[in-house]
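Colleague: Please take a close look at how the side chains are arranged in this model, beginning with the aromatic rings. I should then like the account to continue into the interior and the open space beside it.

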Amino acid sequence: MFSAEVIAGMSDVETLDLLRDLERRQAALDAAKVRALARMARLRPDRDAGGHRFAGAEVGAALAWTPARAATEVARAARLSTLFPSTVDALAAGRIDLARAGALVEITATLSDEHAREVEAWILARYEHKTIVGWRQALRAKKDRIDPDGAARRREQRRRERRV
């Protein structure tokens, strides 16, 4: 479909259009993968401290992933699908990419579900076109505004861990 010869013959505008289209398609594929991984988590509900043990083991074997990667991917997909379905929908529509969805999961991990959903609604309404760095900074800032006590604890912890 997009052979080297076809791409080599494209103008700059056509090339940029192709790149945007490929990004949207990749996001839709990533959303389908998230949903499939979350389905495996529901099909194999046994969990251990590191994630979804049985689902991770099967996914890892099927995709030649390490057990750690498989467990991480399954756990992230399960959290995205259950707690952040609007984010998965935005991913499927190509409005955000998997890196942004993953950042939402990572940065809100210490928040309550209610606060995490509040952060999700806020970020999806305002920052879908930010760079990943801007996205992460905005998430952290909103997290600190929603949970000021937690922000103070995290600052104090970082202060204690500093080595000069």
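**Rings, core and pocket**

Modeller: Across the whole structure, which is a predicted model, the search for aromatic pairs returns 0. A ring does, however, have a charged partner: Arg-145 is placed over the face of Trp-122, 5.5 Å from the ring centre.

From the rings one may turn to the interior. The largest nonpolar core comprises 35 residues. Within this core, the residues with the most contacts are Leu-80, Phe-84, Ile-96, Ile-123, Trp-135 and Leu-139. Two or more core residues come from each of the helices α2, α3 (53-63), α4 (67-83), α5 (85-92), α6 (98-107), α7 (113-126) and α8 (132-146).

Helix α2 (residues 12-43) also has a part in the largest pocket, where its 5 residues are the greatest contribution to the lining. The space in this pocket amounts to about 300 Å³. Its lining consists of 13 residues, and those nearest the centre are Glu-23, Arg-24, Gly-94, Arg-95 and His-129. By class, the lining holds 8 charged, 2 polar and 3 nonpolar residues.

One backbone feature deserves a separate remark. Ala-64 belongs to the loop that joins α3 and α4, two helices that also supply the core. Although Ala-64 is not a glycine, its phi is positive, at about 55 degrees. The residue is exposed, because its relative accessible area is 72%, above the 50% cut-off for that class.

Terms used
Residues are numbered from 1 along each chain as its sequence is written. This is a predicted model: local features need pLDDT of at least 70, side-chain atom pairs count only at pLDDT 80 or more; totals for chains, interfaces and linings use all residues. Side-chain values use heavy atoms; hydrogens and water are left out. On a 1 Å grid over the protein atoms alone, a cavity is a set of points where a 1.4 Å probe fits but cannot get out, and a pocket is an open set with protein on both sides within 12 Å along at least five of seven lines; lining residues have an atom within 4 Å of a point. Grid points are joined across faces, edges and corners, and a volume is the space filled by probe spheres set on the points. Helices (H or I, at least four residues) and strands (E, at least two) are DSSP runs, numbered from the N terminus. Ala, Val, Leu, Ile, Met, Phe, Trp, Tyr, Cys and Pro count as nonpolar, Asp, Glu, Lys and Arg as charged, and the others, Gly among them, as polar. Rings of Phe, Tyr and Trp (its six-membered ring) pair if their centres lie within 6.5 Å; planes under 30 degrees apart count as stacked, over 60 as edge-to-face and the rest as tilted. A charge sits over a ring if NZ of Lys or CZ of Arg is within 6 Å of the ring centre and within 35 degrees of the ring normal. A nonpolar core is a set of buried Ala, Val, Leu, Ile, Met, Phe, Trp, Tyr and Cys residues joined through side-chain atoms within 4.5 Å. Buried means under 20% relative accessible area, exposed over 50%, partly exposed in between (1.4 Å probe, protein chains only).
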